[in-house]
Amino acid sequence: MTRSRISFHIHHNLTPHRLQILLTALSHSVSLSSLAGHCGLSESVLRKVILPAIRQIRLLDGNHLTPAGEKFLRLAELLPDRFPEAMHLWLYTAYTFDQTCGVSWAYAQVVNALWASQERLLNTLALSQIAGIVIEKATQAFDLSAEVIAFSNRSVRGALNWLHPLNPPVLIYQDGQKIFRRRFFCPEITFLWVVDFLYRSFQVPYGVRMFLTPDRLEQICRLCILDPSGIDNVLAMAKRVSDYDRGGLFDSGTEGGMGRWILLARPLPVPELL
């Protein structure tokens, strides 16, 4: 895919709930008309918009689940409340390993902009500002003119679809208004998936300590959509649920005079479970 053809738009018609329905139905080779009925969409929207969007994030090959799609389906069946957390990380990190996935790149920019704001009222002006940030960054990162970049308020709303069901929440309603706010805790599995991503992206061997530089610590917080003040509790809980000293896969500490470190003993890529 040439850079001029890379797609950044995040479709607002695709939601975590619809994706779960579609993965389940597609695993049973349900017809297109039945799929549309399950999702409350027209066949045309499903065929032209929704299925291509799922293929773009590598969960479908044609109309068949990819190995990743099958893993996400299994997660949705076993731990449906963790499905949104896994999809958030999958969308955020996919571009690191597949640089044709412009949707992933754009999603990460939206999340980064929100995280940097700490708390933000998500009115029409804010959505336009975030869309503008993504377009400006895309012109620089991909050497494109703004005119050829299809990204708008609707694209930002598409990104928010994947943040809505996170728990603890990052999108709240207050006095009838939608607000983004960093969370102070995240599920332990979310944190461990993020640690695995860092090990892979920095090519650190599993079982070797990774020192938490300020940049790495910030990256963890952005991926977890976590306020930095919550990191100590998350580290403690991750160690409690999978303590390396008791045969688990995670450890952390400050010994050795090099500052805080973390250790992941073996792979745990999203969406695999402990």
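**Exercise 1. Helix 6 and helix 10**

In this predicted model, helix 6 and helix 10 are roughly perpendicular to each other. Establish which crossing angle supports this description and which residues form the contact.

*Solution.* Begin with the geometry: the axes of helix 6 (residues 102–117) and helix 10 (residues 214–224) come within 9 Å and cross at roughly 105°. Next, apply the cut-off: angles of 65 to 115 degrees count as roughly perpendicular, and the two helices are therefore placed in that class. Then identify the contact residues. Helix 6 contributes Val111, Asn112 and Trp115, while helix 10 contributes Glu218, Cys221 and Arg222. Finally, sort these residues by character: three are nonpolar, one is polar and two are charged.

**Exercise 2. The sheet of strands 3, 5 and 4**

Determine the strand order of this open sheet, and state which strands stand at its edges.

*Solution.* The three strands follow the order 3-5-4, with antiparallel pairing. Strand 3 and strand 4 each have a single partner strand, so one side of each lacks a neighbour in the sheet. From one strand to the next, the twist averages 30°.

The pairings can now be taken one at a time. Strand 3 (residues 119–121) is joined to strand 5 (residues 177–181) in the antiparallel sense by three bridges; within this pairing, Leu121 has Ile179 of strand 5 as its bridge partner. Strand 4 (residues 171–174) is joined to strand 5, also in the antiparallel sense, by four bridges. Here Tyr173 faces Lys178 of strand 5, and Gln174 faces Gln177 of strand 5.

The last step concerns the connection. Strand 4 and strand 5 form a hairpin with two residues between the strands, and Asp175 takes a positive phi near 55° in that hairpin.

**Exercise 3. The sheet of strands 6, 8 and 7**

Describe the arrangement of this second open sheet and locate the helix that lies across strand 7 and strand 8.

*Solution.* First, the order: the three strands run 6-8-7, and the pairing is antiparallel. The edge positions belong to strand 6 (210–211) and strand 7 (250–253), each of which pairs on one side only. Second, the pairing: strand 7 meets strand 8 (residues 261–264) in the antiparallel sense over four bridges. Phe250 stands opposite Leu264 of strand 8. Third, the covering helix: helix 11 (residues 231–241) lies across both strand 7 and strand 8, and runs at about 140° to strand 7.

**Exercise 4. The environment of Thr66**

Decide whether Thr66 is buried or exposed, and name its contacts beyond its neighbours within four places in sequence.

*Solution.* Thr66 is located in the loop between strand 2 (64–65) and helix 4 (67–78). The relative accessible area of Thr66 is 12%. Since buried means under 20% relative accessible area, Thr66 is classed as buried. With neighbours within four places in sequence set aside, Thr66 is in contact with Arg58, Leu59, Leu60 and Asp61.

**Exercise 5. Cysteines**

State how many disulfides the structure holds, and classify Cys39 and Cys101 by accessibility.

*Solution.* The count of disulfides is zero. For the accessibility step, Cys39 has a relative accessibility of 7% and therefore counts as buried. Cys101, at 1% relative accessibility, is likewise buried.

Notes: Residues numbered from 1 in each chain as written. Predicted model: local features only at pLDDT ≥ 70, side-chain atom pairs only at ≥ 80, totals over all residues. Heavy atoms only, no water. Axes fitted to C-alpha atoms, helices over the stretch in contact; angles between N-to-C directions. Parallel < 35°, antiparallel > 145°, perpendicular 65-115°, else oblique. Contact = heavy atoms within 4.5 Å. Nonpolar A, V, L, I, M, F, W, Y, C, P; charged D, E, K, R; others polar. Pairing = 2+ DSSP bridges. Buried < 20%, exposed > 50% of the residue type's maximum accessible area, 1.4 Å probe, protein only. Disulfide = S-S within 2.5 Å.
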